[in-house]
Amino acid sequence: MARVIPSLIAGAEVTSGRIAPVLNPHNNETICAVSLADAEISGGAIAAARAAQAAWAAVPAVKRGEILLKACALIEERSEELSRIVAEEAGKSLKDARGETGGAVQCGRFFAGEGQRLFGRTMPSNTANKYAMTIRQPCGVALLITAANTPAPNFAWKVFPALICGNAVVLKPAEDTPISADWMARVLIEAGVPAGALNVVQGLGAEVGPELTQHADVDVISFTGSDRVGRGIAQAAGADLKKLSLELGGKNAFVVCDDADLDKAVRWAALSAFSNAGQRCAAGSRFVIFDAVYDTFVEKFVAATKAQKLGVGDDCDLGPVINQRQITAMIDAIGRAQSAGARVLTGGNRAVGTLASGNYLEPTIVEGAAVDGELSLTELFGPIAALYRVRDYAEAVRVTNASPYGLTACIHTRSIDRGWHFTQVAQTGVVVVNGGTYGSEPHMPFGGRKASGNGSREPGTEALDVYSDLKDIYLWIDPP
């Protein structure tokens with residue numbers, strides 16, 4: 001095995017002597033290896049960040065923005081290289097990987113521009129000759145833990161706002177997708193980010209996570225991943241009163257009303273459920289359908305699902321899931337749902353033939369799962385859509401909100417009254433009318449309610465609230 005992805009600490013490559021293979025989800029062939037960091041490497045990364053943070057914070061925010069803009073230009077210039085890395089390590093078509101690279105650049109440029117603003121506020125005082133204002137200051141050392149589903153945007157989503165606010169970063173990327181994080185970190189350092197201000201710890205979350213999240217020199221943690229891991233991080237962070245941002249997934253409802261444009265609804269339903277192989281926290285996974293159009297919609301949706309093309313070619317609709325563990329968990333969950341009385345209308349199995357060696361699950365539609373059953377309540381993070389028949393709008397709202405999660409929801413209706421009312425009563429952080437369940441654009445806040453997070457929002461300008469602390473300043477003067 002020739003190439004090993006190391007951790008990066010203060011610009012130096014650091015390895016532990018232990019490695020794990022990095023596999024292509026399309027065929028499970030080994031791409032390279034990743035060095036598995038240990039407690040010493042994790043602690044070294046935090047120490048390097050702490051040592052570098054004050055000097056990075058002293059660089060004017062406008063200058064920090066110029067450095068990040070240069071990094072974006074380098075990523076764009078070499079976008080084909082990054083896109084090919086993402087396509088291979090995450091199991092995507094090159095077309096989709098190029099789109100994600102473009103999204104990462106767009107996100108980076110948005111936050112680079114924030115270096116010219118980083119708005120505080122000035123407010124009147126109730127006392128003569130006294131002036132009141134707020135300014136933003138960096139938190140210190142930011143620990144950023146990212147997911148594997150969209151590795152390049154995930155990097156940009158957290159690293160760029162953390163840096164523009166003047167924090168030093170310790171990034172822990174997903175162990176399944178270490179290559180793009182290593183590549184992007186090196187580009188940012190090449191652009192002028194001081195090496196110690198951006199450190200990357202590669203390794204297994206279960207091994208290095210506790211060392212990183214419980215370290216006394218970490219000031220703010222941002223985590224995207226499962227609610228199970230997020231709850232553990234919250235407990236660790238809470239013990240030390242650390243600032244914390246959590247984005248923990250969803251079980252997102254897609255409502256089809258009796259007045260919906262069914263062809264449009266089916267098109268969005270397939271995209272919501274199956275794009276990126278359903279590995280999106282915003283993916284549509286619960287389809288809530290009015291009784292009056294249930295049979296017609298389901299017939300069309302099943303036909304559209306059977307027409308989905310699997311693979312990593314640019315003409316494919318969905319690729320593999322990230323690893324064997326994930327596909328096994330999904331197939332087991334489908335089996336338990338069937339044992340409890342649910343019916344699989346299409347899919348439910350591993351793909352066969354030329355795709356048999358990869359982590360491909362056939363796009364799956366399940367009918368008859370209990371609203372309070374495992375399939376309805378658990379985020380499976382794969383191409384699985386569950387169907388629910390409802391009498392009317394009131395029941396559709398009840399089913400939509402009958403979830404431990406509250407990330408996204410959408411409704412298809414020709415009624416502006418229904419559509420607008422739904423945006424007000426859906427217990428989610430994002431609501432869409434006549435579209436799909438998707439995440440937010442880089443300049444918009446994204447996050448959820450209930451088990452989908454802890455109330456924070458990233459990206460958008462709201463991410464500045466995660467990565468900076470507000471300070472009140474009062475100025476007294478004696479008029480001449």
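## Cavities, a pocket, salt bridges and a small sheet

The lining of the second largest cavity is made up of 5 nonpolar, 6 polar and 3 charged residues. This cavity belongs to a predicted model, and the space it holds comes to about 70 Å³. Its lining counts 14 residues, of which Gly 91, Asp 96, Asn 276, Leu 318 and Gly 319 lie closest to the centre.

The search that found this cavity covered the whole structure and returned 5 cavities of 30 Å³ or more. The largest of them encloses about 100 Å³, and among the 15 residues that line the largest cavity, Gly 278, Ser 285, Leu 380, Phe 381 and Gly 382 are the closest to its centre. By class, the lining of the largest cavity holds 6 nonpolar, 6 polar and 3 charged residues.

From the cavities we can turn to a pocket. The second largest pocket has a volume of about 290 Å³, and 17 residues line this pocket, with Pro 21, Leu 23, Glu 175, Asp 176 and Asn 323 closest to its centre. Which elements each supply at least two residues of this lining? They are strand 4, residues 19-23, and helix 11, residues 324-339, and it is strand 4 that gives the largest share, with 4 residues. In composition, the lining of the second largest pocket comprises 9 nonpolar, 5 polar and 3 charged residues.

Strand 4, which provides that largest share of the pocket lining, also belongs to an open sheet of 3 strands, whose order is 1-5-4 and whose pairing is mixed. Strand 1, residues 4-5, and strand 4 stand at the edges of this sheet, and because each has a single partner strand, one side of each is left without a neighbour in the sheet. Strands of a sheet pair through backbone hydrogen bonds, in either a parallel or an antiparallel sense. For strand 4 and strand 5, the latter spanning residues 30-35, the sense is antiparallel, and the pairing extends over 5 bridges. Within this part of the sheet, Pro 21 stands opposite Ala 33 of strand 5; Pro 21 is also one of the residues closest to the centre of the second largest pocket.

Glu 175, another of the residues closest to the centre of that pocket, leads on to the charged pairs. Side chains of opposite charge can pair when their charged atoms come close. Glu 175 forms such a salt bridge with Lys 172, the closest N and O atoms being 3.3 Å apart. Are the two partners buried or exposed, or something in between? Glu 175 is partly exposed, with a relative accessible area of 29%, whereas Lys 172, with a relative accessible area of 5%, is buried.

The whole structure contains 27 salt bridges. In one of them, Arg 186 and Glu 13 bring their closest N and O atoms to 2.8 Å from each other. Arg 186 lies in helix 6, residues 178-191, and Glu 13 in strand 3, residues 12-14, so this salt bridge ties together parts that are 173 residues apart in sequence. Arg 186 counts as partly exposed, at 34% relative accessibility, while Glu 13 is exposed, with a relative accessible area of 53%.

A further salt bridge is formed by the side chains of Asp 469 and Lys 243, with an N to O distance of 3.3 Å. This pair also links distant parts of the chain, Asp 469 being in strand 22, residues 468-476, and Lys 243 in strand 12, residues 243-247, with the two positions 226 residues apart in the numbering. Both partners count as partly exposed, Asp 469 with a relative accessible area of 34% and Lys 243 at 26% relative accessibility. Salt bridges can also share partners, and in this way Glu 13, Asp 182 and Arg 186 are joined into one network.

The cysteines complete the picture. How many disulfides does a search of the whole structure find? The search finds 0. For Cys 257, the closest cysteine sulfur is that of Cys 410, and because the two sulfur atoms are 9.9 Å apart, they are too far from each other for a bond. Cys 257 is buried, at 0% relative accessibility, and Cys 32 likewise counts as buried, at 1% relative accessibility.

Terms used: Residues numbered from 1 in each chain as written. Predicted model: local features only at pLDDT ≥ 70, side-chain atom pairs only at ≥ 80, totals over all residues. Heavy atoms only, no water. Salt bridge = Lys/Arg side-chain N within 4 Å of Asp/Glu carboxyl O. Buried < 20%, exposed > 50% of the residue type's maximum accessible area, 1.4 Å probe, protein only. 1 Å grid on protein atoms, 1.4 Å probe; cavity = no way out; pocket = protein on both sides within 12 Å on 5 of 7 lines; lining within 4 Å. Points joined across faces, edges and corners; volume = space filled by probe spheres on them. Nonpolar A, V, L, I, M, F, W, Y, C, P; charged D, E, K, R; others polar. Disulfide = S-S within 2.5 Å. Pairing = 2+ DSSP bridges.
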